[in-house]
2 protein chains.
Amino acid sequence: MRPRIDYTLYLVTDRSQMNAPTLTKAVESAIKGGCTLVQLREKTASSREFYDQAQELRVLTRAYNIPLIINDRVDIALAVDAEGVHIGQHDLPAHVIRTLIGPTKIMGVSAHTLAEAQAAAQAQADYLGIGAMFATPTKPDAATIAMTEYQRIRRHIRLPLVLIGGLTLQTIPQLSGCGADGMAVVSAILAQPDIERAASDIKETILRGKAAERQ
Amino acid sequence: MRPRIDYTLYLVTDRSQMNAPTLTKAVESAIKGGCTLVQLREKTASSREFYDQAQELRVLTRAYNIPLIINDRVDIALAVDAEGVHIGQHDLPAHVIRTLIGPTKIMGVSAHTLAEAQAAAQAQADYLGIGAMFATPTKPDAATIAMTEYQRIRRHIRLPLVLIGGLTLQTIPQLSGCGADGMAVVSAILAQPDIERAASDIKETILRGKAAERQ
């Protein structure tokens, strides 16, 4: 059995966006502010640096009982016993990842179209990351997804959907009522002067939207 | 039981040094020329490109009955069922790698000092890569190892030792009699106008040195 995950506020790390002395400190502040899930994403680190950072976050997230997801690197996810991995369309194929991680670990897959979402669901993804919802400084060349395409995915896919890309205090209210399970945030938390406060403000905004959705 | 490996002429790939339309073609020529072992090293590819290339080499090396070693990425080594992985000092720690790959896969470790060599041996490395023996265009900033340090490693370590760094038709004869088990070559094979011929000339030079050593 895979663990049940609360996708409400999904922190995705980016060292270059971080307003804190260490990534571990930044993530701890974000967790204190209400992040429910953490994905470690390292795009320029050596394997050893990535592994060392993953070990630090492993200790931290266990202490707060928050699931840890590793971006791309299955070997590092297995090495630190993370709850799962998140892969994009340029990483190993999802069915290969599932074989490597076994049935009990979480697999998240980034999807930008209904076809990609259906392929990921067929390969036993546990959740999908959908985006970019808005233009974003984290991935300046990421194409944004049309709201109609997102809505097609939501209609056809029963898996939890996490939105990503340009999500901020200002943009999240525009997504209210769209039926997503969670919001993934990078710079709107990590690059802020007060990370804990930024996470807490965003969490409140998301929960307000979810409450409105249920009415 | 791990497979017995012939380390005599160890081809290490480098896409930027390659004089062939595809890496797979280049590796096939090198195998025809006499390479006994192939390491796929990709430093800039996406995970998917790395995996796709590894799969192609998996098919090729099986056809020629040549072991395939994957640089750094244990997940890709496991995904394509390579014979093993090779790690450097900036990759995951060797004892972690051994846990991930299990007892039957080969683990090679790069070492530059006796201390690193001893640590790798203790972590159950199967062979060591020692270098850089000479300055090399493949890794322009790699420090060369003093011959006296290599000799200390040879005296203290019983594992197979493979030399690397600047090995060419011209430099290999200088290493004759040093007791190494194999020579790892990149540009002196892959960047040559006739890859098969370059591999075959180097193989002959190595075997001549080994024969002289035994007399």
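A disulfide is a pair of cysteine sulfur atoms within 2.5 Å. Keep that cut-off in mind for the first stop. The model on screen is a predicted one.

**Stop 1: the cysteines**

Select the cysteines in every chain. How many disulfides are there over all chains? By this rule the count is zero. Zoom in on A:Cys35, which is in no disulfide. Its nearest cysteine sulfur belongs to A:Cys178 and lies 18 Å away. Now go to chain B and pick B:Cys178, which is likewise in no disulfide; the nearest cysteine sulfur there is that of B:Cys35, 18 Å away.

Are these two residues buried or exposed? A:Cys35 counts as buried because its relative accessibility is 3%. B:Cys178 counts as buried because its relative accessibility is 16%. The cut-off for buried is under 20%.

**Stop 2: the core**

Stay with A:Cys35 and add A:Ile189, since the two are in contact. Leaving aside neighbours within four places in sequence, A:Ile189 also touches A:Leu9, A:Leu11, A:Ala30, A:Ile195, A:Ala198, A:Ala199 and A:Ile202.

A:Ile189 belongs to the largest nonpolar core, which has 130 residues. Select A:Leu128, A:Leu163 and A:Ile189, then B:Leu128, B:Leu163 and B:Ile189; these have the most contacts inside that core. In soluble globular proteins, nonpolar side chains tend to be buried together.

**Stop 3: strand 1 of chain B**

Select residues 9–12 of chain B, which form strand 1. Which way do the side chains point? B:Leu9 and B:Leu11 point one way, B:Tyr10 and B:Val12 the other, and all are buried. In a regular strand the side chains alternate between the two faces of the sheet.

Add strand 8 of chain B, residues 182–185, which pairs with strand 1 of chain B in the parallel sense over three bridges. Within strand 8 of chain B, B:Ala184 is the bridge partner of B:Tyr10.

Next add strand 2 of chain B, residues 37–40, which runs parallel to strand 1 of chain B and is joined to it by three bridges. Here the bridge partner of B:Tyr10 is B:Leu37. To follow the chain from strand 1 to strand 2 of chain B, trace helix 1 of chain B, residues 23–32; this β-α-β crossover is right-handed.

**Stop 4: both chains**

Show chains A and B together. Chain A is superposed on chain B by a rotation of 180° with 0.0 Å of shift along the axis, at an RMSD of 0.0 Å. That is the relation of a two-fold axis. Select A:Asp75 to find the C-alpha of chain A nearest the axis, 2.5 Å from it. Both copies use the same surface, as 100% of the contact residues of chain A recur in chain B.

Notes: Residues are numbered from 1 along each chain as its sequence is written. Chains are lettered from A and ligands numbered from 1 in the order in which they are written. This is a predicted model: local features need pLDDT of at least 70, side-chain atom pairs count only at pLDDT 80 or more; totals for chains, interfaces and linings use all residues. Side-chain values use heavy atoms; hydrogens and water are left out. A nonpolar core is a set of buried Ala, Val, Leu, Ile, Met, Phe, Trp, Tyr and Cys residues joined through side-chain atoms within 4.5 Å. Buried means under 20% relative accessible area, exposed over 50%, partly exposed in between (1.4 Å probe, protein chains only). Contact means heavy atoms within 4.5 Å. Copies are superposed by least squares on the C-alpha atoms of residues with pLDDT of at least 70 in both. Helices (H or I, at least four residues) and strands (E, at least two) are DSSP runs, numbered from the N terminus. Two strands pair if DSSP finds at least two bridges between them. A crossover is right-handed if, with the strands pointing away from the viewer, the path from the first strand over the helix to the second runs clockwise.
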